[in-house]
Every structure is written in C-alpha cells, then in structure tokens.
Amino acid sequence: MKVWEAVKAEAERRSLEIEMQQTGCVGMCHHEPLLDLIDDGGEVYTYGHVTPGRVKRIFDDHVTGGQPVAEYLVGTSSQPNDFLSGQVRIALRNCGVIDPEEIRDYCARGGYAALRQAVTAMRPEEVISEVKASGLRGRGGAGFPSWVKWQAARQAEGDVKYIICNADEGDPGAFMDRSILEGDPHSVLEGMALAGYAVGAGEGVIYVRAEYPLAVRRLEVAIKQARKEGVLGQNIFGSGFSFDIRIKHGAGAFVCGEETALIASLEGERGMPRLKPPYPAEQGYWGKPTVINNVETYANVPWIISQGGKAFAAVGTDKSKGTKVFALAGKVKRGGLVEIPMGVSLRKVIFEIGGGIKSDRKFKAVQLGGPSGGCISEQLLDTPVDYESIVATGAIMGSGGMVVMDDTTCMVDIARFFLDFTRKESCGKCVQCRIGTKRMLEILERIVNGEGREGDIELLEEIANQVKQGSLCGLGQSAPNPVLTTIRYFREEYEVHIRDHRCPARQCRALISYRIDPERCGGCGSCASKCPVGCISGKKKEPHVIDQSQCIKCGTCLETCPSRYKAIIVE
C-alpha cells in the first residue's frame, strides 16, 4: 500500500490524470512489489522491487520523460520476463491482470460468457461431455477425472444436490489456490455455477480457511457483485437455472483436504474422514449427491467451456491434460506461481523458469506434493511433471507445492520436519496413522540427535509400509512418503547419521560444532556481539574463540561473520 499511496501522491503532485488499478499477484513473488505502467500505445512496462523512492524516479524518467527506467524493469509486454515467458496460463489467466474486486474487469476478459453459453445453449450433459473431452483431472492432489464425479452426481437420485469448493489449502509452502481466490475469484464462482448446471445443483459452498482473510473478503465481494449482476441467484440469464454460493470458514485442519472429512466439518462435526463408498457424488453433504473439487479445478472450467474441451486436451500429455499451477519455493532464485503444461520436466521448471539454485549452490532435491509428498533427487530432474511420472518416483503431484533444496539441506531432518507436520495433523481415527507416525517420528528424532541405532532404517520402512496400507484416508496413506523417498534416494545420509554420528549437510545441531578459524578471524567482534549466550570471547583485532561448553549451536555467529573473513567453520 505504501507504493500505491506513493503513486497516487506523485500523480497528484504533478497534476497528472492517470488511471490506477490494483490487481492480484501475477506470480513473480521474487520481484514484488510490482508496478505495471501502460503507455498510450498499450505497451506494458513492469517494474520490480518498487519502493516509494523508486516511484519518483519512474515518474521523472518514464511518465514525464518518456524513457523507461531500465535498471528497475523486469519485463514488458513485448519482452516478457523469463519467469513468465515459459508458462502457459489458463487457471491463472486473469491473475495480475484484472482488478479482482471489479466484476466488469472479469467480464471484459470474457468472464461469465461460458456460463451464459452453457445455460442458454447447452444441455447439462453437453457441459459434462466438454469436461470429459478436456481430460481435466482434479487439481487437489488425487487427479481423479472431474467429469466422472460430475456424471455420477448428475445420475444420482435426488432433487437437492450440492457443489463444494475445497479452498482449504493446507500444504506448507503452497499458495496456488489462495492466489487464484485473491486474484480472480469470479473464475471460481463461474466454474462452480457451471458444475451446478451440469449436475443439477442449486447451491454451492466454498470451504475456505479463515487464515486467508484477503481471499475471503474478495470472495464475499465477488459473490455480492455476481448476485447483483444476475449471474448468481434466481433464473440466471433468463434460463430458468438458479444457483447461489455461500462461504464456510474453515479452521485450517490439514485432514479436511480429504473430501469426507471436509463434509463432516461443513456439517458441524469434527473433521474426520469416513470409509468410501458411498462416494460424495452419491451421498455427500447432508447425505445428498455432492461434487467436490478444489479452487484450481473450478478456475479451469470456464476456459474449457468457452474454448472447448479439445483445446484444453491439446495441452499436456496423453494421460495428464492441460496445465498445472505450482508454488515454486525454497532455494531457487526465482520463486512464485508457475503454470506449466503437463509433461514439462522438473529441470525446466527449476532451472529455466526458476533460474536455478540460489547463490549458485548445488541442487540436492525437490519436494513435491506437500508434507505428504516425496523428495526427488538430482538424477530424476528430467522427470516430466504429470500424475503418473511423479507417482513413479515415490512422490505425488499433490496440490502443487514444489520446494527446492540445495546441498545445505539435511534429508533426514527434512523427513523429520514433514512427518512432524503430518503427525500433528492426523485426526487420530486410524491406529496405523495415529501411532505409526508417532513411532516413526521418534526414530527420526533419535537419528538427528545422534542416537540412531543399527536397524532403524529397516524399522522405518516397515512401519511406513504399515501406515500406508492400513490408514483410512489419503493423509495417512501418504504421510510416510517423505521418509520412504529420502531413504530411497539418500540412504547413505541416514547411514552416516547412524553409523558415524555425523550430519553431512551440517544441519543437525546435536551432530555439529562451530569453531572460529584463527587465521581468518579479523577480530571485528560481530559474532561476539550477536551471540545470544555470550559464549564468544576475544580482544578487538585478535582472533576470537567459542566456548564449546556454552555454545547452543544456533548459527548466529555463522550468519553475522562478515563475508570478507568467513572465519566460522562448521564441523
């Protein structure tokens, strides 16, 4: 908002009449805050890392001087940024382009044309046929064909049916659905209305986590506008079709990503899964036929209806059609939202779109599928991003989290981190999930604390397989994935922890020590002044020393030692 206010103030100070508009995130998180300047010819100039100070320079040189500020530019419409040029944007087609709180912006980009076309010129079965032709699979993780759910709900008996949008995005590091809701909420509303028309439902519910206040607010604005414009509510486009949507705030339980647990939560019960069948398409919300898809899935649907299912199917691979949105994060130079055609390799995503590894360090692994996904090693970087290929590596597509790790990452500790998350998020219904993840976590904590035992790896594998096979829902069935994949691709790292009581990545506190190299230390005192326990001593301009008996191994000395010395050694 500081940049927004700075632009507004600068325009007023210069008595310039310019049109200003806020948008959602375009996905270039590594360059934010962004400012797009559109000239009279329609050329878009995108400035990155904009500050109030830079706003003045942009006004001086570009707005009034006519010369773009090259050092702040990160792309133009004629020469897009490398991060965006390799993408194909369908679900994100409007993000960063329109004002998400203005329905006229959405309509100007073809919004609600697909809904008009469907309810006035297509039979419900034809809508389902287009979704079938598109090959669209659920983007929430499982990749189940969307049209199968829709057809089952249509064929199910009952006058009351429901459409539910799963906006309970709970993966650490994932923000795809939140960005769509914040940047283009109407595409989700239109997708849900199309699903409602296809299956014969009159009501939709968006289950969105309360931790997304901006997304919730923009959804509320969008629903209000859609009702006012008559694209939600009674007799939409005079077709006789009526459909409305309401919002349900979720408390943020990871297990509610599982559809039967989400339905239980919607009905006021504790979010716990149940056995299937019956499937929600037959007996879902309040026992009525219900279609559940996630945010990204619905955002694709208006494009599919307006462009045709075949156009969507023309993108991607034989079994995985269309595009997929990923939240690219971790030790990568260019992080943010990436929408790519299915089938593109991990190497292209990380090294071409993402720009490679930060500080040009060595790539070590990429974690796919959130906390219950898996870690893929360097030799699998050419794996195509599609459902079957990712599953073959031991990971899962998940909702789209993609966390890149460099050679400073300890894979045993990473497995411990993700298992700690899924263990806490387990609803506790299944013994295998409730007890199995706890026992596995205990073993991993023992290993990273230097107390690993011979046979721990085999024991981890045995328990992991029991948890996978015996758990009721997807959370338990996939929770062991980080452990199994790190053992599969980084077994030697486990062995070194157990056999030599050493952490090769030098991350496990119990297995490392910090020391100051007297030959490199300049005696500046930076480390001593920042050490939280005061265990570093030494005179000015003389080598300092760390008292190992007092050191808590927090790494503050390593972070504060000036780069001209690099005197802290981790052993």
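The exercises below work through parts of this predicted model, each with a solution.

The model is predicted, so local features need pLDDT of at least 70 and side-chain atom pairs count only at pLDDT 80 or more, while totals for chains, interfaces and linings use all residues. Residues are numbered from 1 along each chain as its sequence is written, and side-chain values use heavy atoms, with hydrogens and water left out.

**Exercise 1.** Describe the surroundings of N294.

Solution.
- Step 1, the element: N294 belongs to strand β7, residues 290-294. Strands are DSSP runs of E with at least two residues, helices are runs of H or I with at least four, and both are numbered from the N terminus.
- Step 2, exposure: with a relative accessible area of 6%, N294 is buried. Buried means under 20% relative accessible area, exposed means over 50%, and partly exposed is in between, for a 1.4 Å probe and protein chains only.
- Step 3, contacts: apart from residues up to four places away in sequence, N294 touches R139, G140, C165, N166 and D177. Contact means heavy atoms within 4.5 Å.
- Step 4, polar atoms: the side chains of N294 and D177 are joined by a polar contact of 3.4 Å. A polar atom of the N294 side chain also lies 3.5 Å from the backbone oxygen of R139. A polar contact is a pair of N or O atoms within 3.5 Å; within protein, one must be able to donate a hydrogen and the other to accept it, and residues adjacent in sequence count only if both atoms are side-chain atoms.

**Exercise 2.** Find how helix α8 packs against helix α12, and then how α5 packs against α9.

Solution.
- Step 1, geometry of the first pair: α8 (residues 176-183) and α12 (residues 295-307) pack at about 45°, and their axes are 9 Å apart. This makes α8 oblique to α12. Axes are lines fitted to C-alpha atoms, for helices over the stretch in contact, and angles run from 0 to 180 degrees between N-to-C directions. Angles under 35 degrees count as roughly parallel, over 145 as roughly antiparallel, 65 to 115 as roughly perpendicular, and the rest as oblique.
- Step 2, residues of the first pair: from α8, D177, I180 and L181 meet V295, E296 and A299 of α12. By class, this contact has four nonpolar, no polar and two charged residues. Ala, Val, Leu, Ile, Met, Phe, Trp, Tyr, Cys and Pro count as nonpolar, Asp, Glu, Lys and Arg as charged, and the others, Gly among them, as polar.
- Step 3, geometry of the second pair: α5 (residues 113-121) and α9 (residues 185-199) pack at about 10°, with axes 9 Å apart. That makes α5 roughly parallel to α9.
- Step 4, residues of the second pair: A113, A114, L115, A118 and V119 of α5 make the contact with E190, A193, L194 and Y197 of α9. Eight nonpolar, no polar and one charged residues take part.

**Exercise 3.** Lay out the open sheet of five strands and place β8 in it.

Solution.
- Step 1, order: the strands run β9-β8-β12-β10-β11, with mixed pairing. Two strands pair if DSSP finds at least two bridges between them.
- Step 2, edges: β9 (336-341) and β11 (374-377) each have a single partner strand, so one side of each is left without a neighbour in the sheet. From one strand to the next, the twist averages 30°.
- Step 3, partners of β8: β8 and β9 run antiparallel and share six bridges, forming a hairpin with five residues between them. β8 and β12 run parallel and share four bridges. A327 stands opposite L337 in β9, and its bridge partner in β12 is G401.
- Step 4, enclosure: six of the eight residues of β8 are buried, so β8 is largely enclosed by the rest of the structure.
- Step 5, helices: α8 lies across β8 (323-330), β9 and β12, at about 110° to β8.

**Exercise 4.** Locate L73 and state whether L73 is buried, partly exposed or exposed.

Solution.
- Step 1, the sheet: L73 lies in strand β3, part of an open sheet of three strands in the order β1-β2-β3, with antiparallel pairing. The edge strands are β1 (35-38) and β3 (73-76).
- Step 2, exposure: L73 is partly exposed, with a relative accessible area of 25%.
- Step 3, contacts: beyond its neighbours within four places in sequence, L73 is in contact with Y45, T46, Y47 and P68.
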